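Reader: I'd like a close look at one part of this model, the loop that holds the buried glutamine, and how it sits in the rest of the chain. Could you walk me through it in one go?

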Amino acid sequence: MANLGSPRMLVLYVFQLLWLMQIKVSCYQYKVGDLNAWGIPTSGNPQIYTYWSKYHTLKIGDSILFLYPPSQDSVIQITEQSYNTCNLKDPILYMNNGNSLFNITTNGDFYFTSGVPGHCEKKQKVQISVGNGNGSSAYSPSYGPSELPDTAPSYPTVFGSIPLPPSSSPVIIFSVILSAVIGTAVSGFISGIM
């Protein structure tokens with residue numbers, strides 16, 4: 001049996017630690033509306049949730065954050081039928097703390113609106129579809145993706161940059177494959193010496 005405190009095993013432990021550090025965690029938290037709080041869209045930016053939906057790709061493990069004054073608003077998750085008719089009765093989930101976080105744990109369509117009567121009719125609602133293709137698409141009501149411009153509206157970056165969704169770039173894939181090959185070689189080398 002190998003001595004777990006030997007220099008050879010220490011090298012293996014260090015290599016394993018370095019290999020694990022190569023693996024990226026690719027889950028993100030997205031604030032609905034980005035720099036705008038969750039609320040009724042303004043006349044100056046009536047498609048805020050449509051823009052937000054179009055320019056964010058969500059996947060399992062991500063979460064969405066709704067920020068709003070808890071004394072003035074709330075957010076509810078509802079069914080597709082309730083979403084289309086703005087029916088606020090019998091929500092799937094009710095959140096009213098002003099800092100509401102929804103974790104995406106499954107693929108599917110998720111429908112959200114304000115829990116305040118009348119806000120849904122004023123387009124304070126968003127649909128998020130996770131697991132269609134390589135990510136998600138999310139749309140706000142009555143505006144399709146073809147009706148939107150190719151660029152998002154520009155917002156001042158007051159709180160720092162908003163993280164971009166991860167991509168499957170060749171550099172990341174190469175890094176993971178290279179780490180696996182080197183790990184196998186080092187493991188075989190160390191096993192052969194012992």
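Author: Start with the contacts: among those between residues at least 6 apart in sequence, 70% join residues at least 24 apart. This is a predicted model, and Gln124 gives a good taste of that pattern. Gln124 lies in the loop between β6 (108–114) and β7 (125–132). Is Gln124 buried or exposed? Gln124 counts as buried because its relative accessible area is 0%, under the 20% cut-off. Leave aside the neighbours within four places in sequence, and Gln124 is in contact with Trp38, Gly39, Ile40, Pro41, Tyr49, Asp73, Thr113, Ser114 and His119. Another handy distance is the one to Ile48: the two residues are 76 apart along the chain, yet their C-alpha atoms are separated by 9.2 Å.

Now for the frame around that loop. The chain has four helices and eight strands, and from the N terminus on they run α-β-α-β-β-α-β-β-β-β-β-α. Of the 194 residues, 33% are buried. The accessible surface comes to about 11700 Å², with 60% of that belonging to carbon and sulfur atoms.

One strand pairing is worth tracing. Strand β2 (residues 63–67) and β5 run antiparallel, joined by five bridges. Ile64 has Phe102 in β5 as its bridge partner. Phe102 also sits on the covered face of β5 (residues 99–103), together with Ser100, whereas Asn99, Leu101 and Asn103 make up the uncovered face.

Asp62 brings in the charged side chains. The structure holds one salt bridge, and Asp62 forms it with Lys59, the closest N and O atoms being 3.3 Å apart. In general, side chains of opposite charge can pair when their charged atoms come close. The two partners differ in cover: Asp62 is buried, at 1% relative accessible area, while Lys59 counts as partly exposed at 25%.

Another loop to check is the one between α3 (80–85) and β4 (93–95), where Cys86 is placed. Phi of Cys86 is near 55°, a positive value in a residue other than glycine. Asp90 is in that loop between α3 and β4 too, and its phi is also positive, at about 55°. Most residues other than glycine have a negative phi. As for cover, Cys86 counts as buried at 14% relative accessibility, but Asp90 is exposed at 72%.

Over on the surface, Leu10, Tyr13 and Val14 form a nonpolar patch with about 270 Å² of accessible area together. Tyr13 is in helix α1 (residues 7–22) and counts as partly exposed, at 37% relative accessibility.

Last, a word on confidence before you build on any of this. Mean pLDDT for the chain is 75, and 62% of its residues reach 70 or more. Among the elements, strand β3 (residues 75–78) has the highest mean, 96, and strand β8 (residues 135–139) the lowest, 46. Over residues 134–146 the pLDDT is below 50, though this stretch has 39 contacts in the model beyond near neighbours in sequence. Residues 148–165 are also below 50, with 27 such contacts. Where pLDDT is low, the predicted coordinates should not be read in detail.

Technical notes. Residues are numbered from 1 along each chain as its sequence is written. This is a predicted model: local features need pLDDT of at least 70, side-chain atom pairs count only at pLDDT 80 or more; totals for chains, interfaces and linings use all residues. Side-chain values use heavy atoms; hydrogens and water are left out. Patches are made of residues with over 30% relative accessible area and no salt bridge: like charges are joined within 9 Å, nonpolar side chains (Val, Leu, Ile, Met, Phe, Trp, Tyr) within 5 Å. Accessible areas come from the Shrake-Rupley method with a 1.4 Å probe; for residues, only the protein chains shown count as cover. A salt bridge is a side-chain nitrogen of Lys or Arg within 4 Å of a carboxyl oxygen of Asp or Glu. Helices (H or I, at least four residues) and strands (E, at least two) are DSSP runs, numbered from the N terminus. Buried means under 20% relative accessible area, exposed over 50%, partly exposed in between (1.4 Å probe, protein chains only). pLDDT is the predictor's confidence in each residue, from 0 to 100. Contact means heavy atoms within 4.5 Å. Two strands pair if DSSP finds at least two bridges between them.
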